[in-house]
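Trainee: Could you take a close look at one loop residue in this chain, and then place it in the wider setting of the fold? I should like the backbone, the burial and the packing treated as one connected account.

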Amino acid sequence: MIKAQQQKLQNNNSFTSPTKLKRVKDYNGRIFVFTSKSDLTVEHDCKLSKQIIEQAGGEVNEIKVDGKPYLQELIKKILGSTNYSNLPQIFFNDEYIGGIEKLKELKENGSLEGKIEECKNAHSAGELHRIYRKQADVFTIRPPYLYFPQYSPPRIVTCSIVLHNRTDKYIVFKLKTTCADRYMVKTKKGVVRPSSNVRIEVSMQKPLSIGDKEDKFRVESIPFSHFSSDMEYQIDTLFAEADPKKISKQKISCKFEQPPANLKVIEQNDGTVMIQPASNSVDFYDDFPVERFSKMIKEQLGDKRLLNLLVFNELSEEHDVEIFQQDNTIPTMSEMDSFEDLYTPRENFESPVGNVVQNFGINEEENVNNVVNSQIEETEECKQLQILEKEAEKLLNERQNKQEETSRNIEENYKIEYNRLEKDYANVIKKLQEAEGRMKEYETCIDQLNERIREKEQTLENERAKRKALEKAPPTLISTTNSNNSSVDNLENRQQGVSMVFVILVALICLLIGKLL
């Protein structure tokens, strides 16, 4: 029996679901590629770069910059505004490789595989791994923890945090916690505009007790490309109808200790304690060292240019040595005398361009001049490249201005259309309210008519009951009732006769008065 139970436990431990297995990387280095889908050409180059790296044995850690202004600004700070549009941009750990052209060059000369292996064998993934891990975070949360120091006797502690929306979309959010009865939250849910902040205050109402677990909060958010005033009142409905894969989740842990020095601790007059950030500034990059990293990349670029220049100088020196070795014979005095006839004064040249000086004694000087001329040509090429870079930057700025202008026009048209639809919606609501008022009036009229019908039906039923009672009554009672009715009729006839006599007398008096007059 014991052996059977042990075998069963071994089988249970040996079985693991394939969905729960995680791929563990056996290397530390990472290859980061900044990608975008802003243009078909850019999208094609990004896909091609990933394909080339994967074929060479590498694994791409993609950093998508679309819809994330802080990542676009990060690339501009690191590489300059001119290289921002030249996506993809490839980094092996913290080493800047370049764009798609540089990657193709490494593939053609056969050094890409060795570069990837060198990247994998690095001690760490570098600074960009922070950006890669947190690129899915919608908010920058400051401070990253909620601090609730414990006081004796216990006091109510309120910690203030700031959520900064670092995307270009409207974010609908709500806050959840593992211990709802201990905390009171101000601004539990809401809508945050692009590149805007929202302040949340969390108050700890009950102190910790022995055995309590660590409390955590979770910020759930959904991005929207548009905004309407009804969204603030339909947040729960939006979360209920949203796709769970599109809901972003960020955790905030609670620390029951004294806050760090960058947070202010304010003791209120009522005995409560308020903890809030010392400044309103928000770090968009989550402690990523932007200045230090950009300086390091610029040093790498400067070292590569210096290396190219040193290689060029070494090649030119080798070329000069070869020329000197080819022409190392020392001429005799007679040969030197014969050389004098070959020299031509400079003033006898018709034009410095197109003439060839056939002089064996100045080959070395000519070669030096050629090297100098080649260096001058390279400097001219550098100047032309700088001019082209400036023109490219100018074209890029014009393109960005056009895109901003079109986006502004689209936004204005959207606002106009939205206002028109809002007015139409208000008119429809007004007409519906008027229709509801009329319906209420019609309902009251119908109720009155029904009441009258019920009264008439009641009177008819009473008359029918009287008739049935008369039909069932004895004949003596019927005769008495008839006599009573006849007496009543006689009285009415007498009253009518008296009134007629009175009318006739008045008419006669009027006739007599008329004749007398």
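**A buried loop residue and its setting**

Mentor: Asn93 counts as buried because its relative accessible area is 9%, which falls under the 20% limit. The model is a predicted one, and what follows should be read accordingly. Asn93 sits in the loop between strand 3 and strand 4, the latter covering residues 95–98. Although Asn93 is not a glycine, its phi is positive, at about 60°. That value deserves attention because most residues other than glycine have a negative phi.

A second backbone feature is found at the loop leading into strand 3. Pro88 belongs to the loop between helix 3 (69–79) and strand 3 (89–92). The peptide bond from Leu87 to Pro88 is cis, and its omega is near 10°.

Each of these two features has a counterpart elsewhere in the chain. Thr187 likewise is not a glycine and has a positive phi, of about 70°. Its loop joins strand 9 (183–186) and strand 10 (189–192). In burial, however, Thr187 counts as partly exposed, since its relative accessibility is 32%, whereas Asn93 is buried at 9%. For the cis bond, the counterpart runs from Ser152 to Pro153, where omega is near 0°. Pro153 is placed in the loop between strand 6 (145–147) and strand 7 (157–165).

Helix 3 also follows a loop that contains Asp66, and strand 2 (60–64) stands on the other side of that loop. Asp66 is partly exposed, with a relative accessibility of 35%. Beyond four places in sequence, the residues touched by Asp66 are Ser36, Lys37, Ser38 and Gln72. The link to Lys37 spans 29 residues along the chain, yet the two C-alpha atoms are 6.9 Å apart.

Turning to helix packing, helix 2 (residues 40–55) and helix 4 (residues 100–108) have axes that come within 10 Å and cross at roughly 25°. Helix 2 is therefore roughly parallel to helix 4. The crossing of the two helices is left-handed. On the side of helix 2, the residues that meet helix 4 are Asp45, Leu48, Ser49, Ile52, Ile53 and Gln55, and their partners in helix 4 are Ile100, Leu103, Lys104 and Lys107. Sorted by class, the contact between these helices comprises five nonpolar, two polar and three charged residues.

The nonpolar packing of the chain may be considered next. In soluble globular proteins, nonpolar side chains tend to be buried together. Here the largest nonpolar core holds 28 residues, and within it Phe139, Leu146, Phe148 and Phe217 touch the most other members. Apart from that core lies another, of 23 residues, whose members include Val42, Val65, Phe91 and Phe293.

Phe139 itself shows how far along the chain such packing can reach. Setting aside neighbours within four places in sequence, Phe139 is in contact with Leu163, His164, Asn165, Arg166, Ile171, Phe173, Val192, Val219, Ser221 and Gln250. Two of these partners, Val219 and Ser221, appear again among the contacts of Ser248, together with Ala136, Val138 and Glu220. Ser248 lies in strand 13 (residues 248–255), and its relative accessible area of 15% makes it buried.

Val219 is likewise a partner of Leu175, whose contacts beyond four places in sequence are Val185, Lys188, Ile200, Phe217, Arg218 and Val219. Leu175 is located in strand 8 (residues 170–177) and is buried, with 13% relative accessibility. Val185 is 10 residues from Leu175 along the chain, and their C-alpha atoms are separated by 8.5 Å.

Finally, these local details may be set against the chain as a whole. It has 11 helices and 15 strands. Of its 517 residues, 27% count as buried, and Asn93, at 9% relative accessible area, is one that is buried. Among contacts between residues at least 6 apart in sequence, 74% join residues that are at least 24 apart.

Note on methods:
Residues numbered from 1 in each chain as written. Predicted model: local features only at pLDDT ≥ 70, side-chain atom pairs only at ≥ 80, totals over all residues. Heavy atoms only, no water. Core = buried A, V, L, I, M, F, W, Y, C linked by side-chain atoms within 4.5 Å. Buried < 20%, exposed > 50% of the residue type's maximum accessible area, 1.4 Å probe, protein only. Contact = heavy atoms within 4.5 Å. Axes fitted to C-alpha atoms, helices over the stretch in contact; angles between N-to-C directions. Helix = DSSP H or I, 4+ residues; strand = E, 2+ residues; numbered from the N terminus. Parallel < 35°, antiparallel > 145°, perpendicular 65-115°, else oblique. Left-handed = near helix turned anticlockwise from the far one by under 90°. Nonpolar A, V, L, I, M, F, W, Y, C, P; charged D, E, K, R; others polar.
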